[in-house]
Amino acid sequence: MRPVRDYSIKSKLRIIILLVSSMAVLTACAIFLAYDQVLHKKRMAQDLSSLTEIIADRTTATIAFDDQDSAQETLSALHLKKSIVSACLYTNDGKVFTCYFRGNVKTSDIPFEPGETGHRFLKDSLVLFQPIILDKERIGTVYIKADLVELDEILKQNTLIVAAVMGISLLVAFFLSSRLQKLISGPVLSLVQTAKTVSEKKDYSIRAKKQGEDELGRLVNTFNEMLAQIQIRDGELIRHRGHLEEEVAERTAELSTANEEMFAAKEKAEEATKAKSEFLSIMSHEIRTPLNAILGMGELMEETPLTSDQKEYVQLLRSAGSTLLSLINDILDLSKIEAGHIELESINFNLWETIEKNCEIMAVRAHKKNLEIAFQISPETPEFVMGDQVRLNQVLINLIGNAIKFTETGEVVVRIQKAPQPFGEGKGLELLFSVIDTGIGIPENKFEAIFESFSQADSSTTRKFGGTGLGLSISKRLVELMQGRIWIDSKLGNGSAFHFTVRLLPGIGDETQSLPAPKIKLTNKKVLVVDDTTTNRLILKEFLKGWGSSVVEAENGENAFKEITKAVEANDPFDLILLDCRMPGMDGFEVAQRLKETVGLNGLSIMMLTSENRSGDIAKCKKFGISGYMIKPIKRSSLLNAIMDVMAKPKEVVVEKAVEETTVSSALQPMNILLVEDTEENQIVMTAFLKKLPWSLDMAENGAIGLEKFKTGKYDLVLMDMQMPVMDGYTATREIRKWEKNMGVKETPIIALTAYALAKELRKSIEAGCNGHITKPVKKSTLIESIQEHFNVSKKSDGSGKETKFIVHISPEVKELIPFFMASLTKNLQTLNKAFENQDNETIELIGHKLMGTGGSYGFQAISEIGLDLESAAIEKNQELMRQKIDELSIYLERVETV
């Protein structure tokens with residue numbers, strides 16, 4: 001069946017008229033039926049009520065004199081009323097006096113007792129109770145029941161009448177609707193036919209006929225006007241069609257010209273970008289070359305006898321050169337980022353160690369300004385991650401450096417945690433880094449401007465604090481490259497908090513290896529943390545609680561002394577005290593002295609924590625019986641290692657970072673070195689660096705000359721500049737390796753010299769055949785160490801019987817401890833050899849970690865490096881490397897001398 005909406009307009013009009021008419025008649029008839037039924041019910045109730053009153057009046061005497069026969073005769077007269085079904089008289093006490101039943105057929109529907117006075121309609125009957133009154137007293141009740149047959153008959157008759165009326169009305173409505181609908185459907189159908197004719201014949205000159213001035217007439221007028229406009233436009237289209245081909249040809253020519261211009265502009269842009277990249281590459285080398293000479297000569301001048309003024313001038317020269325180098329690096333980095341030439345690496349690295357090392361590096365600058373620097377890493381932060389460690393370091397160093405620069409008093413805190421609400425979509429783990437300071441703050445209206453190039457919050461700060469305003473801009477772009485964002489929370493005068501997120505991938509590594517193997521259990525050990533800085537106390541508390549220790553805090557020396565006294569009196573003394581050295585009021589050494597002088601408190605295990613390394617502090621530690629001395633910021637692994645040493649040997653002084661080793665040779669082997677360098681200034685600097693050493697230096701101005709000299713001469717090592725005219729260092733190195741292979745000779749160590757500090761440049765030089773890589777400007781110590789390292793790897797002895805001696809300068813404060821330390825190293829070496837024979841990697845790993853933590857503390861940095869390599873080799877189960885490092889330790893112990 002078709003939907004009503006698809007019917008013709010005539011049918012719709014007819015249906016509407018019939019529906020309206022039928023609903024109107026039906027409503028009227030329903031009201032009539034209802035009214036008539038109510039009226040008949042009312043009349044029936046009135047008639048029955050009158051009849052009941054008559055019976056009540058006539059039976060008054062019969063009930064009063066108990067004359068049942070007369071009462072029965074009175075009720076029998078009801079047979080004349082066919083609707084009466086039954087009747088009954090009740091005495092005053094509610095008993096049935098006499099009854100009447102239609103047709104003398106008794107039924108059981110007589111009530112046992114009279115009901116309430118009045119009438120009521122039941123489902124199929126009408127009942128009525130009427131009291132019988134004598135002298136205003138009720139002596140009985142009349143009950144009458146009538147059926148509703150008469151009402152039903154009347155309802156049936158009325159229904160038939162209504163049905164007849166409905167039928168006649170619908171017929172009349174149908175007839176009238178069939179006639180009258182033409183008034184509306186006629187004009188509409190005419191309009192439809194006209195539209196159909198126009199559509200079929202495409203003749204827009206046809207017009208519809210108007211049949212009135214009503215809305216349909218206005219619709220016809222509008223339709224005709226539309227046809228007229230279409231007719232006009234159709235004519236215009238016909239006229240334009242003739243010129244269309246000419247216009248298309250003209251537009252095509254214009255687009256072709258525009259495309260050629262765009263292609264030319266694209267080529268020019270690409271050439272400009274390429275030229276900019278090449279310019280940056282050249283500038284990077286050309287600028288760093290004279291800087292190498294400036295910084296190198298400054299370093300050499302500082303080693304010569306100078307007056308106090310001259311020393312100051314040289315220091316200023318080196319400082320200005322370093323600042324200029326930093327500025328150049330910033331500008332080159334920004335240019336590379338803008339040119340899209342920065343490629344992020346993805347390497348596996350230890351995030352926790354990276355944070356610790358960055359804070360350790362920046363601590364030197366912070367401590368010069370008497371600032372506290374600390375870091376807090378949330379436990380859920382993964383230790384090993386995959387990402388660009390170099391660029392992450394660059395952002396962190398930049399932000400920490402800014403925080404130190406703009407902070408005069410207070411602290412700088414670095415916090416790392418998982419991002420609570422990941423920014424955007426992407427793979428991997430999103431971490432939130434925060435660098436918080438107590439510095440000068442930044443106004444809110446400058447939050448966006450500080451991340452723009454060459455911009456600072458206040459131009460006047462440039463004069464006071466220095467800087468180009470590039471650091472934050474570079475950091476922002478690097479963070480965005482690492483799929484993160486950077487923002488700031490700050491208030492002028494109340495410090496700043498720089499936050500940034502980066503997206504990293506989960507790394508590969510055993511996080512349990514980052515901590516030393518426990519010598520003793522720290523569970524339930526009671527530790528007192530004394531520090532005036534809330535952040536430092538919080539960080540130490542997190543470390544210690546993570547190891548199961550019980551922690552009590554004190555913010556100054558007086559409170560610390562109270563806590564210590566209270567604990568001793570309660571017979572629950574502290575197992576260890578972590579004591580800040582520099583505190584207002586009573587400092588750490590005053591607390592230690594007071595403890596030593598107080599009966600019952602002497603002998604507690606104390607570790608001193610300080611923000612600066614003062615030589616006199618170590619002597620004080622020994623004087624006051626302090627068991628350990630650590631430099632802030634405190635690393636988790638170093639702290640645990642030091643605590644275990646202190647807890648195992650409470651009276652032994654553990655000194656971290658007391659001195660640095662300077663390894664020189666008392667009997668260096670003669671060596672012939674070929675320097676391939678095109679810049680005269682760098683040749684002079686290299687010659688000056690090596691002039692006091694028994695090494696002869698031969699020069700070559702480019703790779704081609706260097707190759708010929710290498711073939712005709714005999715050299716123990718080659719220093720190869722990688723960017724040179726005629727033949728660059730990469731080509732020269734490959735040619736040298738090819739010649740060595742053809743001649744069947746052993747490879748000579750080649751160290752690359754380049755102004756590029758990128759990882760890809762290192763890979764490029766290694767792939768060419770270089771053994772090492774030094775970034776310009778070259779430092780004297782770095783150059784000498786690198787030469788020694790690569791020469792010793794290729795040739796440990798010259799066959800003359802002379803051996804390299806390692807001279808270590810020992811601080812006077814720890815000099816008396818050296819014999820004990822050397823004896824323990826000999827025992828460790830014996831244990832290592834035995835463990836290697838038994839393939840006991842766990843013991844080798846444990847000793848390696850111990851050597852890494854204690855070697856540098858006494859001034860033997862080489863011991864720490866060997867220990868680190870041993871630990872890594874044991875973890876990786878690299879037997880060859882373990883054997884090599886054990887032999888290296890043995891040789892070192894045989895040749896080391898202390899002064």
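Select Arg-120 and Val-127 in this predicted model. Val-127, in strand 4, is the bridge partner of Arg-120. Widen the selection to strand 3 and to strand 4, residues 125-134: the two run antiparallel and are joined by four bridges.

Next, display the whole sheet. It is open and consists of five strands in the order 2-1-5-4-3, with antiparallel pairing. Strand 2 (96-101) and strand 3 (118-121) each have a single partner strand, so these two stand at the edges and one side of each is left without a neighbour in the sheet. On average, neighbouring strands of this sheet are turned by 10° against each other, direction ignored.

Then add helix 3, residues 68-76, which packs on the sheet. The helix touches strand 1 (84-91) and strand 2, and its direction makes about 30° with that of strand 2.

The tour now turns to internal space. The structure holds three cavities of 30 Å³ or more, and the largest cavity contains about 100 Å³ of space. To find the largest cavity, select its lining: Ile-373, Ala-374, Phe-375, Asn-536, Ile-539, Leu-540, Phe-543, Leu-609, Lys-632, Pro-633 and Ile-634.

Which elements each supply at least two residues of this lining? Colour strand 7 (372-377) and helix 12 (534-546) to see them. Helix 12 gives the most, with four residues.

Finally, colour the lining of the largest cavity by residue class: nine residues are nonpolar, one is polar and one is charged.

Note on methods: Residues are numbered from 1 along each chain as its sequence is written. This is a predicted model: local features need pLDDT of at least 70, side-chain atom pairs count only at pLDDT 80 or more; totals for chains, interfaces and linings use all residues. Side-chain values use heavy atoms; hydrogens and water are left out. Two strands pair if DSSP finds at least two bridges between them. Axes are lines fitted to C-alpha atoms, for helices over the stretch in contact, and angles run from 0 to 180 degrees between N-to-C directions. Contact means heavy atoms within 4.5 Å. On a 1 Å grid over the protein atoms alone, a cavity is a set of points where a 1.4 Å probe fits but cannot get out, and a pocket is an open set with protein on both sides within 12 Å along at least five of seven lines; lining residues have an atom within 4 Å of a point. Grid points are joined across faces, edges and corners, and a volume is the space filled by probe spheres set on the points. Ala, Val, Leu, Ile, Met, Phe, Trp, Tyr, Cys and Pro count as nonpolar, Asp, Glu, Lys and Arg as charged, and the others, Gly among them, as polar.
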